[in-house]
Amino acid sequence: MPRITDKSSHKSEEAIEASLRPLTLEDYIGQEDLKNNLKIFIGAAKHRNEVLDHVLLYGPAGLGKTSLAHIIAHEMNGNIKLVNGPSIEKPGDLAAILSTLEPGDILFIDEIHRLPRVVEEILYSAMEDYKLIIVISKDATSASTITVDLPPFTLVGATTRAGDLSAPL
């Protein structure tokens, strides 16, 4: 019998979970209005040969926000990177994640309302301009920055507490 700490056991659990998730909007049960809107948004983005606009999914736990993020990635023919908001503690953490994205990737941030505000500031320019602006030195009179171009990507944020999001996000 495999131990819980066995890496092979962990991989098989991930495979089982992935096989249980719906792959398409057609397979997703419920939320008909949301599915219809997503079909239109996804179809329009594909027609324009662009990435999907950023998406915020909110609602109580267990409604399928993570499943919808996987579906969006599948429907857009992109890869998905999963991150939990509380695990991104400082701007460098987010920079490391953003710098690994490929064109068309989906960045899924679960519990996005728990991102520190300083990390959110970095996220804004990444979302709006696909640029990562890193402050490398700051003194009383000036700051030096480096700008890194990012590939076009879609941020899918999920939260159970939409009221805890900052106004810009």
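Reader: Is Tyr130 buried, partly exposed or exposed?
Author: In this predicted model, Tyr130 sits in the loop between α5 (117-129) and β4 (131-138). Buried means under 20% relative accessible area and exposed means over 50%. The relative accessibility of Tyr130 is 23%, so the residue counts as partly exposed.

Reader: What is the phi of Tyr130?
Author: Most residues other than glycine have a negative phi. Tyr130 is not a glycine, yet its phi is positive, at about 55 degrees.

Reader: Which residue in the loop between α2 and β1 has a phi near 60 degrees?
Author: The value is positive and belongs to a residue other than glycine. At 74% relative accessibility, this residue counts as exposed. The residue in that loop with this phi is Asn49.

Reader: How many helices and strands does the protein chain have?
Author: From the N terminus on, the order of elements is α-α-β-α-β-α-β-α-β-β-β. The totals for the protein chain are five helices and six strands.

Reader: What percentage of the residues of the protein chain count as buried?
Author: The chain exposes about 10,300 Å², and carbon and sulfur atoms supply 54% of that area. Of its 169 residues, the part that counts as buried is 36%.

Reader: Among contacts between residues at least 6 apart in sequence, what percentage join residues at least 24 apart?
Author: One pair far apart in sequence is Pro22 and Ile71, with their positions 49 residues apart, and Pro22 touches Ile71. For the protein chain, the percentage of such contacts that join residues at least 24 apart is 69%.

Reader: What is the C-alpha to C-alpha distance between Pro22 and Ile71?
Author: Pro22 lies in the loop between α1 (7-20) and α2. Leaving aside residues up to four places away in sequence, Pro22 touches Asp27, Tyr28, Ser67 and Ile71. Between the C-alpha atoms of Pro22 and Ile71 the distance is 7.0 Å.

Reader: Which residues of β1 point to one face and are buried?
Author: Side chains alternate along β1. Leu56 and Tyr58 point to the other face and are not buried. The buried residues are Val55 and Leu57.

Reader: Which residue in β6 is the bridge partner of Leu57?
Author: β1 and strand β6 (residues 154-159) run parallel and are joined by four bridges. In β6, the partner of Leu57 is Ala158.

Reader: Why is strand β3 largely enclosed by the rest of the structure?
Author: β3 covers residues 106-110. Strand β2 (residues 80-84) runs parallel to β3, joined to it by five bridges, and Asn84 stands opposite Asp110 in β3. β3 is largely enclosed because the number of its five residues that are buried is four.

Reader: What is the volume of the largest pocket?
Author: The pocket has 22 lining residues. Those closest to its centre are Leu34, Leu38, Val55, Leu56 and Leu57. Its volume is about 370 Å³.

Reader: Which element supplies the largest share of the lining of the largest pocket?
Author: Elements that each supply at least two lining residues are α2 (32-47), β1 (55-58) and α3 (65-75). By class, the lining divides into 14 nonpolar, five polar and three charged residues. The largest share is seven residues, from α2.

Notes
Residues numbered from 1 in each chain as written. Predicted model: local features only at pLDDT ≥ 70, side-chain atom pairs only at ≥ 80, totals over all residues. Heavy atoms only, no water. 1 Å grid on protein atoms, 1.4 Å probe; cavity = no way out; pocket = protein on both sides within 12 Å on 5 of 7 lines; lining within 4 Å. Points joined across faces, edges and corners; volume = space filled by probe spheres on them. Nonpolar A, V, L, I, M, F, W, Y, C, P; charged D, E, K, R; others polar. Buried < 20%, exposed > 50% of the residue type's maximum accessible area, 1.4 Å probe, protein only. Contact = heavy atoms within 4.5 Å. Areas by Shrake-Rupley, 256 points an atom, 1.4 Å probe, with all protein chains shown as cover. Pairing = 2+ DSSP bridges.
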